[in-house]
Amino acid sequence: MHTEYLKRVVIYLQQELPEYQEMLSVKANQIVFTVHPGAVFEQFYQKLFASVSACTARIRNREIDLEFKVWSPTQERDFKVLK
């Protein structure tokens, strides 16, 4: 439905947050960050949440609420950035 818009947001995030660019994908209208094996999930999530929130706040005229998922094989956590 909003896949093209989400892909544009992912490109923006990859440019603004190059340390996360290999972890980003769009699946089922969510932007998904895949946690690298060996990373401490909660620390990764907290840092990522702060970085993504700051970057998305700079997007003017957001078209939709942005849904994010932080995923690892043993855990996952979702958050939204509202339009």
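**A walk through a small predicted model**

Hi everyone, let's start at one residue: S53 sits in helix α2. Before we go on, please keep in mind that this is a predicted model. S53 is partly exposed, with a relative accessible area of 25%. Its C-alpha lies 10.0 Å from the C-alpha of F79, although the two residues are 26 apart in sequence.

Now let's zoom out to the whole chain. How many helices and strands does the chain have? There are 2 helices and 4 strands, and if you read along the sequence they come in the pattern α-β-β-α-β-β. The radius of gyration is 12 Å, close to the 12 Å that the globule rule gives for 83 residues, so the chain is as compact as a globular protein of that length. If you like box dimensions, the C-alpha trace spans about 35 × 25 × 20 Å along its principal axes.

What about inside and outside? Of the 83 residues, 40% count as buried. The chain exposes about 5300 Å², and carbon and sulfur atoms supply 51% of that area. Then there is the question of which residues meet. Take the contacts between residues at least 6 apart in sequence: 55% of these join residues at least 24 apart.

Next, charges. The chain has 11 positive and 10 negative charges, and the mean positions of the two sets are 4 Å apart. The salt bridge count comes to 5, and I'd like to show you some of them.

Here is one within a helix. E4 forms a salt bridge with K7, and the closest N and O atoms are 4.0 Å apart. Where do these two residues lie? Both are in helix α1, which covers residues 3–16, and they are 3 residues apart, about one turn of the helix. Are they buried or exposed? E4 has a relative accessible area of 54%, and because exposed means over 50%, E4 counts as exposed. K7, at 41%, counts as partly exposed.

The next salt bridge pairs E16 with R58, with the closest N and O atoms 3.1 Å apart. This pair links distant parts of the chain: E16 is in helix α1, while R58 is in the loop between α2 (41–57) and β3 (66–71), 42 residues apart. E16 is partly exposed at 37% relative accessible area, and R58 is partly exposed at 48%.

One more pair: the side chains of K69 and E76 meet in a salt bridge at 3.3 Å, N to O. Here the two partners fall into separate classes. K69 has a relative accessible area of 18%, and since buried means under 20%, K69 counts as buried. E76, at 45%, is partly exposed.

Let's move to the region around strand β1. Just before it, M23 is placed in the loop between α1 and β1. Is M23 buried or exposed? At 8% relative accessibility, M23 is buried. Which residues does M23 touch, leaving aside its neighbours within four places in sequence? The list is V32, F33, T34, H36 and F44. For a sense of distance, M23 and K80 are 57 residues apart in sequence and 18 Å apart in space, C-alpha to C-alpha.

S25 lies in strand β1 itself, which covers residues 24–27. S25 has a relative accessible area of 22% and counts as partly exposed. Not counting residues up to four places away in sequence, S25 touches Q30, I31 and V32. You may have noticed V32 in both lists: M23 contacts it, and S25 contacts it. S25 is also 19 residues from L6 in sequence, with 9.3 Å between their C-alpha atoms.

My last stop is the loop between β1 and β2 (30–34), where we find A28. What is unusual to look for here is the backbone angle phi. A28 has a positive phi of about 50° although it is not a glycine. N29 is in that loop too, and its phi is near 60°, again a positive value in a residue other than glycine. How accessible are these two residues? A28 is exposed, with a relative accessible area of 75%, whereas N29 is partly exposed at 31%.

To wrap up, the picture is a predicted model with the pattern α-β-β-α-β-β, and 5 salt bridges. Thanks for listening!

How values were computed:
Residues are numbered from 1 along each chain as its sequence is written. This is a predicted model: local features need pLDDT of at least 70, side-chain atom pairs count only at pLDDT 80 or more; totals for chains, interfaces and linings use all residues. Side-chain values use heavy atoms; hydrogens and water are left out. The radius of gyration is taken over C-alpha atoms; the globule rule is 2.2 Å times the number of residues to the power 0.38. Buried means under 20% relative accessible area, exposed over 50%, partly exposed in between (1.4 Å probe, protein chains only). Contact means heavy atoms within 4.5 Å. Accessible areas come from the Shrake-Rupley method with a 1.4 Å probe; for residues, only the protein chains shown count as cover. Lys and Arg count as positive and Asp and Glu as negative; His and the chain ends are not counted. The place of a charge is taken as NZ of Lys, CZ of Arg, CG of Asp or CD of Glu.
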